[in-house]
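Let's take a walk through this structure together. Have a look at it below, and then we'll go through a few spots one by one.

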Amino acid sequence: MTERAPNVAEQPPFIIAPSLLAADFARLGDEADAVAPEADWLHIDVMDNHYVPNLTIGLPVVQALRRTTTLPFDIHLMIEAPERWALGYAEAGAYNVTFHVEAAEDPVKLAAALRAAGTKVGLAIDRDTPVEPYLEIMPHFDTLLIMTIKAGFGGQAFLPEMLDKVRTARRHVDGGHLELRIEVDGGVDEDTIVDAAAAGADAFVAGTAVYHAGDPEAAIRNLRRTVAGTARRP
Ligand code: DX5
Ligand code: ZN
């Protein structure tokens, strides 16, 4: 039987999504449990050694994790030909499935298929990709993931110049009254989350800042407190 994430219709104004990429891969179930009391989503980075040079987690591991935790899964596909694999993650009970615009043949068609499969859908924009050409297709998506590093590896430094894309997207979303999460991924910590929130992001992926902290739960709490205290909408 395929298990579903719990009803997550009521989502908080700001999402903190710890990234399992920075966890201990020998203990993934325990590592999911370690953040479960505080995390809004569990961010899972799927890499295929083609779209990015790194190779990480695939569908069988996500299916196994789905059976061990009720956390909503935020699947970040860094893979070639996402149309081949994305639906499997929706069927595995993902809350949100995000694929890269650079890798997708027909992003709108894939988004529609994912929504039809019952999941939310995200479009990811890598470091060297502008956001403007894709603003018009945003109504087909629930999340826009703006990379604040070059996709592929955790532990990289946040690139503040990526925040121009966040500001552009935020203006577009607010101006068009779109329901769209603007998510940032890469180098997010207690300092950089302030700038990302000020630019208009409302979902924050954090790998190193959570899993390499002595107390991952407390790290999430601190990120949440920081963002709630400093965020402003342009
Ligand atoms: C990298 C991944 C990120 C990664 C972020 O391509 O998409 O989700 O886990 O890691 P940190 O937070 O360490 O930069
Ligand atoms: Zn990611």
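## The zinc site

Which residues coordinate the zinc ion (ligand 2)? In this predicted model, the job is shared by His43 (NE2), Asp45 (OD), His76 (ND1) and Asp185 (OD), at 2.0 to 2.3 Å. Along the chain, these donors follow the spacing H-x1-D-x30-H-x108-D. Two of them sit in strands: Asp45 is in β2 (residues 42-47) and His76 is in β3 (residues 73-78), so this pair ties together parts that are 31 residues apart in sequence. Asp45 and His76 are both buried, too.

What about the geometry? The site of the zinc ion (ligand 2) is octahedral, with angles of 72 to 170° among its six donor atoms. For comparison, the ideal angles for six octahedral donors are 90 or 180 degrees.

## Glu38 in its loop

Now find Glu38, in the loop between α1 (28-35) and β2. Is Glu38 buried or exposed? Its relative accessible area is 19%, under the 20% cut-off, so Glu38 counts as buried. Leaving out residues up to four places away in sequence, Glu38 touches Glu217, Ile220, Arg221 and Arg224.

## The second largest pocket

The second largest pocket holds about 270 Å³ of space. It is lined by 26 residues, and the closest to its centre are Gly154, Gly155, Gly186, Gly187 and Gly207.

Where does the lining come from? β2, β3, β8 (203-206) and α7 (208-211) each supply at least two residues, and β2 gives the most, with three. Sorted by class, the lining has 12 nonpolar, 11 polar and three charged residues.

Conventions: Residues are numbered from 1 along each chain as its sequence is written. Chains are lettered from A and ligands numbered from 1 in the order in which they are written. This is a predicted model: local features need pLDDT of at least 70, side-chain atom pairs count only at pLDDT 80 or more; totals for chains, interfaces and linings use all residues. Side-chain values use heavy atoms; hydrogens and water are left out. Donors are N, O and S atoms within 2.8 Å of the metal (3.2 Å for Na, K and Ca); water is not among the atoms, so sites may look incomplete. Four donors count as tetrahedral if all angles lie between 85 and 135 degrees; four count as square planar and six as octahedral if opposite donors are over 155 degrees apart and all others between 65 and 115; anything else is irregular. Helices (H or I, at least four residues) and strands (E, at least two) are DSSP runs, numbered from the N terminus. Buried means under 20% relative accessible area, exposed over 50%, partly exposed in between (1.4 Å probe, protein chains only). Contact means heavy atoms within 4.5 Å. On a 1 Å grid over the protein atoms alone, a cavity is a set of points where a 1.4 Å probe fits but cannot get out, and a pocket is an open set with protein on both sides within 12 Å along at least five of seven lines; lining residues have an atom within 4 Å of a point. Grid points are joined across faces, edges and corners, and a volume is the space filled by probe spheres set on the points. Ala, Val, Leu, Ile, Met, Phe, Trp, Tyr, Cys and Pro count as nonpolar, Asp, Glu, Lys and Arg as charged, and the others, Gly among them, as polar.
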